[in-house]
Every structure is written in structure tokens, then in C-alpha cells.
Amino acid sequence: MRRTGRLPVQMERPVLRYRSGEYKDEVDQVASEYALTIYVNDQEMATVVCTPEYLEDLVVGFLASEGVIRSMDQIKDLQLSTFMGTARVRTTTDVNFNQAFYNKRYIASCCGKSRQSFYFLNDAHTAKWVDDDVSLGAAEIFRLVKEMEEAAAVFHATGGVHTACLADTQHLLLARTDIGRHNALDKLYGYALRQGLTLDGKVVTFSGRLSSEVVLKVAKIGVGIVLAKSAPTALALDIAEELNITTVGFVRGDAFNVYTHPWRIAR
């Protein structure tokens, strides 16, 4: 894999700040926003607007999440040019980009239940029912979320990014930040694939809201527990229920809510 150039993840900008009845000219830190166009076998696949760090992880995670690859063995070459804003990937097999496949909505009814969940068609092919009996207690939940907060340096500087972390049941393993919540999760996935990291017994922590796209990304990664500081959506919980994912939201202070599959939470 080859890359050229590095870009800042945050920049200084002048700001007129108002506080306590007084204006002041100051300098603020703002999050960078960067457009990366991904080509697979010379076909343009997507342009991802992201935070420009760990871009190789992002590309690999995105391709795996979209079902283009399943392992690193399928990538022959990845050339990243931050100057051109491109990632050019060559795979061992041909990829047929059927736009209907990537854009069409799919209605799935899982596990014989009457309710139906709405996915993109490729989500139905790549999201996995998570078969992992990983378990956490309250102390571990609070510790992992605290470690995520301590690792979120770009968020503390700018307030403009999401943080996603991969952990075992005891400690944080890695943290990734991005202006896009789905990008932060793809960076985790890409790192795990590139490093050959097993995902059994792992946990994802997330700084924001548990939306349906977040839960689908967690399912694609194959992790059984996701911890979040904020609220879930109803569709996210439907998907988590169907895909056997334990969702824990509003992890704040000395409290949290367990919304789905509480059997993984030790009491």
C-alpha cells in the first residue's frame, strides 16, 4: 500500500467569541473536512467526506462494510493520494457495481417476527447476526466509556467529530475519530482487517447517538455489544434486536440504559 502526503485533522480559525456580556477576538480549533474518492479496479465507487487520518483503515473498512471485500487477501494494491483526494484499489476479483444493488431499499422481516426493518439491499447481504457471548458488568461499562472520553482529543479540541473505539472487556484497544459517525466505525473495521485482529469478545464504544446506520456498522464488524453516551432510535433498536446486538445507551455519570439483549450484561 502506498500513500502520499498528510493532512491536518484540525485547523486554527479566527473567531469572535461572546461570553458573559463581552466580545473577544480569539483563535479556535475547527475540525477538518476532506473528500476522498474511492476507485475500485478503475471504477469510481464513492466519494467519502471524512476526517483526513487513518485513511487506509477507512478505505478498507468501507469496502468490507459495503461487501466489496471480505478479507485483506482480496486487495492486491491500495494507492492513496491525499493531494489528489483519491484512493485507488485493485482487487483479486472483478467487482460489478450495480447501482440498483447499492441504492435500492430492501425490506426484511427477520427471525419470523411480524415487524419489518428497512435496509439498503447491500446491508441485507453484509450485516451479520452476531454470535458472541461477550459479557460486561456495570463497572466495565463505565470504565470503557471513560477511556473513550479520555481518548477523544480531537473532539475536545474541536467539538466537531464523533469518536468510536474498539475494546475488550477490560480496556480500550484503539480509538478513531471522524466528522462522519459511519466513517469512524469503518476505520475500526479497517484496522481490524488490516491487522488480522479477532473480533470475538470485543466491544464498540461510541460517542454519539445510536442510529440505525451505527448499529448496522456494528453488525457488519461483528461485535456483540455497543455502548453509547447518547440515545438510540427505534429503528436502531429493531435492527439490534434482530441481529443479536446488545445496545447500551445514555452511559453518563453512574447510569445507563440497556435496550436490547440484556443477557450480555452481568448483574
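## A predicted chain, from strand β4 outward

Strand β4 is mostly covered, with 6 of its 7 residues buried. Buried here stands for under 20% relative accessible area, exposed for over 50%, and partly exposed for anything in between (1.4 Å probe, protein chains only). Helices (H or I, at least four residues) and strands (E, at least two) are DSSP runs, numbered from the N terminus. Before going further, please note that this is a predicted model: local features need pLDDT of at least 70 and side-chain atom pairs count only at pLDDT 80 or more, while totals for chains, interfaces and linings use all residues. Residues are numbered from 1 along each chain as its sequence is written, and side-chain values use heavy atoms, with hydrogens and water left out.

**The neighbours of β4**

Two strands pair if DSSP finds at least two bridges between them. β4 is joined to strand β5 (residues 43–50) by 7 bridges, and the two run antiparallel. Tyr 39 has Glu 44 in β5 as its bridge partner. These two strands make a hairpin, with 2 residues between them. β4 is also joined to strand β7 (residues 86–91), here by 4 bridges and in the parallel sense; Thr 37 stands opposite Thr 86 in β7. In a regular strand, side chains alternate between the two faces of the sheet.

The loop between β3 (22–31) and β4 (34–40) holds Ser 32. Is Ser 32 buried or exposed? Ser 32 counts as buried, because its relative accessibility is 5%. Contact means heavy atoms within 4.5 Å. Leaving aside residues up to four places away in sequence, Ser 32 touches Pro 8, Val 9, Gln 10, Met 11, Cys 50, Thr 51, Pro 52 and Ile 179.

**Rings and charges**

A charge sits over a ring if NZ of Lys or CZ of Arg is within 6 Å of the ring centre and within 35 degrees of the ring normal. Tyr 39 has Arg 88 over its face, at 4.1 Å from the ring centre. Likewise, the ring of Tyr 54 carries the charged end of Arg 176, 3.6 Å from its centre.

Rings of Phe, Tyr and Trp (its six-membered ring) pair if their centres lie within 6.5 Å; planes under 30 degrees apart count as stacked, over 60 as edge-to-face and the rest as tilted. The whole structure has 2 aromatic pairs. One of them joins Tyr 18 and Tyr 23 in a tilted arrangement, 4.8 Å centre to centre and with 55° between the planes. Tyr 23 counts as exposed, because its relative accessibility is 56%.

**Two covered helices**

Helix α1 (residues 55–65) is largely enclosed by the rest of the structure, because 11 of its 11 residues are buried. Among the buried residues of α1 are Glu 56 and Asp 57, alongside Val 59 and Phe 62. Val 59 lies 8.9 Å from Leu 78, C-alpha to C-alpha, with their positions 19 residues apart in sequence. Leu 78 belongs to strand β6 (residues 75–81) and is buried, with a relative accessible area of 0%.

Helix α7 (residues 212–221) is mostly covered too, with 8 of its 10 residues buried. These include Lys 217 and Lys 220.

Positive phi angles turn up beside both helices and in the β4–β5 turn:

| Residue | Place | Phi |
|---|---|---|
| Asn 41 | turn between β4 and β5 | about 50° |
| Gly 67 | just after α1 | about 80° |
| Gly 222 | just after α7 | about 95° |

**The six-stranded sheet**

An open sheet of 6 strands follows the order β11-β10-β12-β13-β14-β15, with mixed pairing. Its edge strands are β11 (172–178) and β15 (255–260), each pairing on one side only. From one strand to the next, the twist averages 20°. Axes are lines fitted to C-alpha atoms, for helices over the stretch in contact, and angles run from 0 to 180 degrees between N-to-C directions.

Within this sheet, β10 (residues 162–167) and β12 (residues 203–206) pair in the antiparallel sense over 4 bridges; Cys 165 has Thr 205 in β12 as its bridge partner. Helix α6 (residues 181–195) lies across β10, β11 and β12, at about 140° to β11. Helix α8 (residues 234–242) packs on the sheet as well, touching β14 (246–252) and β15, and its direction makes about 65° with that of β15.

**The chain as a whole**

The chain has 8 helices and 15 strands, and 49% of its 267 residues count as buried. Among its contacts with a separation of 6 or more, 52% come from residues 24 or more positions apart. The accessible surface comes to about 13000 Å², of which 49% belongs to carbon and sulfur atoms. Accessible areas come from the Shrake-Rupley method with a 1.4 Å probe; for residues, only the protein chains shown count as cover.
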